[in-house]
Amino acid sequence: MSSARSRILDTATRLFYAEGIHTVGIDRVIAEASVAKATFYHHFKSKEELVLAYLTTEYQRQRGVLGGVPGAGRERISAILTKLADLSAGPGFRGCPFLNAAAEYADPEHPVRRLVEDYREWYRDLMRDLLIEADSADATQKADLLLLVRDGITVAGGLGDQAAVRAGVRTALASV
């Protein structure tokens with residue numbers, strides 16, 4: 001990836017996550033990334049393309065982080081939920097970038113929403129596979145629950161309610 005493309009994407013990631021996608025204009029990304037407008041449009045044909053690149057990069061990052069959590073079955077589920085809870089308590093945490101983006105794009109057929117749904121399916125499938133690995137009955141239904149718990153961790157964590165996050169994680173783990 002070129003350094004200009006990286007600067008644009010890094011700048012957009014920081015701004016979109018901190019302030020919201022619709023509130024940040026292309027001119028601001030261009031200015032803060034210190035690139036020319038022509039350079040921006042050489043790398044991204046539109047703001048939508050930049051938003052999709054931002055979310056795709058975040059998707060890959062999260063797959064790497066959660067995919068690298070050690071363990072198997074329930075032990076790994078516990079470690080993943082604990083990791084998410086810890087991340088949600090970190091400085092600058094503003095919730096899930098996917099849920100934040102979904103809130104800004106109402107049309108379920110929009111490419112952003114389809115990417116969000118793809119991420120959520122990946123997470124649900126990961127949980128289901130770990131539950132199957134643990135010989136858990138009703139793995140699909142429990143995976144749905146764990147997706148909701150993940151969503152709850154990111155919302156409650158973004159609101160600074162770590163007590164609710166920790167209690168939700170404990171309750172979910174006892175349920176699966």
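In the predicted model, 19 residues of domain 1 are in contact with 16 residues of domain 2. The two domains span residues 1-44 and 47-175, respectively, and their centres, taken over C-alpha atoms, are separated by 26 Å. Together, domain 1 and domain 2 bury about 1500 Å², of which 65% falls on carbon and sulfur atoms. On the domain 1 side, Tyr-17, Ile-21 and His-22 account for 46% of the area buried against domain 2, more than any other three residues.

No salt bridges are counted between domain 1 and domain 2. Polar contacts are present across the interface, where seven residue pairs are found with both members at pLDDT 80 or more. The side of domain 1 that touches domain 2 draws at least two residues from each of helix 1 (3-19), helix 2 (26-33) and helix 3 (37-43). Helix 1 contributes the most to this side, with nine residues. Classified by residue type, the side of domain 1 that touches domain 2 comprises 12 nonpolar, five polar and two charged residues.

Lys-47 belongs to helix 4, which covers residues 47-67, and domain 2 begins at residue 47. Apart from neighbours within four places in sequence, the contacts of Lys-47 are Phe-16, Ile-21, His-22, Val-24, Gly-25 and Ile-26. Two of these, Ile-21 and His-22, belong to the trio that, with Tyr-17, supplies 46% of the area domain 1 buries against domain 2. The C-alpha atoms of Lys-47 and Val-24 are 9.9 Å apart, with a separation of 23 residues in sequence. Lys-47 is classed as partly exposed because its relative accessibility is 22%, a value between the bounds of 20% and 50% set for that class.

A second site concerns Ser-88, located in helix 5 (residues 73-88). The relative accessible area of Ser-88 is 2%, so this residue is buried, the cut-off being under 20%. Two polar partners are listed for the side chain of Ser-88: the backbone oxygen of Ala-85, reached at 2.8 Å, and the side chain of Gln-162, joined by a polar contact of 3.2 Å. Gln-162 is also among the residues touched by Ser-88 when those up to four places away in sequence are not counted; the others are Phe-93, Ile-153, Gly-157 and Val-165.

Technical notes
Residues numbered from 1 in each chain as written. Predicted model: local features only at pLDDT ≥ 70, side-chain atom pairs only at ≥ 80, totals over all residues. Heavy atoms only, no water. Domains from an automatic or database assignment. Contact = heavy atoms within 4.5 Å. Buried area = accessible area lost by both parts, 1.4 Å probe. Salt bridge = Lys/Arg side-chain N within 4 Å of Asp/Glu carboxyl O. Polar contact = N/O pair within 3.5 Å; in protein donor to acceptor, adjacent residues only side chain to side chain. Helix = DSSP H or I, 4+ residues; strand = E, 2+ residues; numbered from the N terminus. Nonpolar A, V, L, I, M, F, W, Y, C, P; charged D, E, K, R; others polar. Buried < 20%, exposed > 50% of the residue type's maximum accessible area, 1.4 Å probe, protein only.
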